[in-house]
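Here are my notes on the model you sent, set out point by point. Please read them with the sequence and the coordinates open beside you.

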Amino acid sequence: MKVYPYILFALLFVFSCNKEDKEAQAIDKIEIDLNIERFDVAFSEASEENLPELKAKYPFMFPEKFDDSFWLEQLKDTIQQELSRETVKAFPSLDSEEDEIKQLFKHLKYYFPQFKTPRVITTTSSVDHRNKVIVTDTITLISLDTYLGSDHYFYQGIQDYLRADFNRDLMVVDMAEQYAEKFIFQGPRKRLLDDMIYSGKILYFKDKVIPFKTDAQKISYTPEQLEWAKVNELYIWSYFVDRELLFSTDTKLANRFINSAPFSKFYLEAIDNESPDKLGQYIGWQIVKSYMDNNEVTFNQLLNKSSDEIFNNAKFKPSR
């Protein structure tokens with residue numbers, strides 16, 4: 001019997017949709033018992049009388065090298081008090097964030113049955129943007145003062161490209177990234193390609209565990225930046241290939257194409273000023289997606305694949 005290609009494609013498409021529907025239904029049925037603990041509020045309302053009780057409930061929030069007098073002084077500190085006021089003003093409740101965190105945890109539980117719902121605790125950190133979210137096996141800490149909105153006056157003096165990430169809609173995205181780093185195996189990252197594939201795995205991880213967020217949010221782009229990357233995908237790829245950057249061990253390449261920055265650095269003035277940062281991450285994401293489309297590999301198996309295995313079998317072709 002002759003099967004026309006378009007019929008075969010339609011059958012595969014229907015099969016794929018049915019599989020995704022069943023997966024989504026299974027994830028939706030997972031029960032997650034989540035209660036976000038507002039340590040930031042509890043600490044701001046603490047006093048000399050109830051401080052011992054608070055320390056007993058949250059011992060990991062009070063390093064032993066500091067005695068009670070230090071914490072009592074913190075409570076009187078005007079900057080800390082303002083930080084607490086602004087945080088409570090921005091987050092009188094966390095209902096929408098709690099819904100998204102539950103969805104993240106449902107997806108993690110589905111793909112990683114050993115996952116156990118941690119205590120989720122909010123705090124302030126004097127705007128420590130390098131540690132917005134801290135994840136352990138039993139506790140997740142979220143610094144709410146790093147999600148007050150990119151225009152908040154607390155962030156004056158911080159570079160614009162960093163401030164762009166200080167928005168509450170990226171909270172669960174940052175959480176997903178921290179979990180990705182826990183679940184993804186990656187050998188030594190010596191080449192640009194290693195960094196690209198590792199970043200691509202993290203972004204694909206986000207595809208699976210926070211599908212309700214947009215692609216732009218997953219990579220911390222504006223919609224316009226994401227469109228720029230898509231439109232120029234072939235040019236970016238050609239630039240990497242023509243200049244033999246993929247297998248280069250030049251440590252400066254990470255800052256040019258992987259790490260957060262004002263823009264990517266092609267050293268071409270007309271392009272640099274228009275380009276978004278992290279274009280190496282973006283291309284790595286496309287390579288990983290192509291690998292998954294062209295190989296019979298599960299999501300969990302992907303996380304342990306080497307950079308070379310993924311690159312050599314991705315059959316990646318940049319969009320034109």
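1. I begin with V173, which, once neighbours within four places in sequence are left aside, is in contact with K206, I210, K213, Q217 and K218. The model is a predicted one, and the remarks here and below should be read with that in mind. V173 lies in helix 8, a helix that runs over residues 171–183. V173 has a relative accessibility of 1% and therefore counts as buried, since the cut-off for that class is under 20% relative accessible area. As for a residue further along the chain, L234 is 61 residues away from V173 in sequence, and the C-alpha atoms of the two are separated by 27 Å.

2. For the chain as a whole, there are 17 helices and four strands, and the C-alpha trace spans about 80 × 50 × 35 Å along its principal axes. Of the 320 residues, 46% count as buried. The accessible surface of the chain comes to about 17,600 Å², and 51% of that surface belongs to carbon and sulfur atoms. If one takes the contacts between residues at least 6 apart in sequence, 61% of them join residues that are at least 24 apart.

3. The second largest pocket deserves a paragraph of its own, and its volume is about 920 Å³. It is lined by 29 residues, of which D165, E177, E181, S260 and Q281 are the closest to the pocket centre. Which helices each supply at least two residues of this lining? They include helix 7 (160–163), helix 8 (171–183) and helix 9 (192–209), and it is helix 9 that provides the largest share, with six residues. Sorted by class, the lining of the second largest pocket holds 11 charged, 10 nonpolar and eight polar residues.

4. D277 is a residue that I would ask you to look at on the screen, and its place is in the loop between helix 14 (269–272) and helix 15 (279–293). Is D277 buried or exposed? Its relative accessibility is 5%, so D277 counts as buried. A polar atom of the D277 side chain lies 3.0 Å from the backbone nitrogen of A261, and a polar contact of 3.2 Å joins the side chain of D277 to that of K278. If residues up to four places away in sequence are not counted, D277 touches Y221, N259, S260, A261, F263 and S264; S260 was named above among the residues closest to the centre of the second largest pocket.

5. R38 is a second charged residue with little accessible area by the criterion used here: at 19% relative accessibility it counts as buried, because the class takes in values under 20%. R38 lies in strand 1, which covers residues 37–38. The side chain of R38 makes a polar contact of 3.3 Å with the side chain of T122. Apart from neighbours within four places in sequence, the residues in contact with R38 are V88, F91, P92, S93, L94, T122 and L144, so that T122 appears both in the polar contact and in this list.

6. K230 lies in helix 11 (residues 223–231), and with a relative accessible area of 39% it is partly exposed. What does K230 contact once its neighbours within four places in sequence are left aside? The partners are Y282 and S319. K230 and Y282 are 52 residues apart in sequence, while their C-alpha atoms are 9.0 Å apart in space.

7. Lastly, two backbone angles should be checked by eye. S220 has a positive phi of about 60° although it is not a glycine, and it is found in the loop between helix 10 (215–218) and helix 11. K315, also a residue other than glycine, has a positive phi near 55°. K315 lies in the segment after helix 17 (307–313), and at 60% relative accessibility K315 counts as exposed, because that class begins over 50%.

Key:
Residues numbered from 1 in each chain as written. Predicted model: local features only at pLDDT ≥ 70, side-chain atom pairs only at ≥ 80, totals over all residues. Heavy atoms only, no water. 1 Å grid on protein atoms, 1.4 Å probe; cavity = no way out; pocket = protein on both sides within 12 Å on 5 of 7 lines; lining within 4 Å. Points joined across faces, edges and corners; volume = space filled by probe spheres on them. Buried < 20%, exposed > 50% of the residue type's maximum accessible area, 1.4 Å probe, protein only. Contact = heavy atoms within 4.5 Å. Areas by Shrake-Rupley, 256 points an atom, 1.4 Å probe, with all protein chains shown as cover. Polar contact = N/O pair within 3.5 Å; in protein donor to acceptor, adjacent residues only side chain to side chain.
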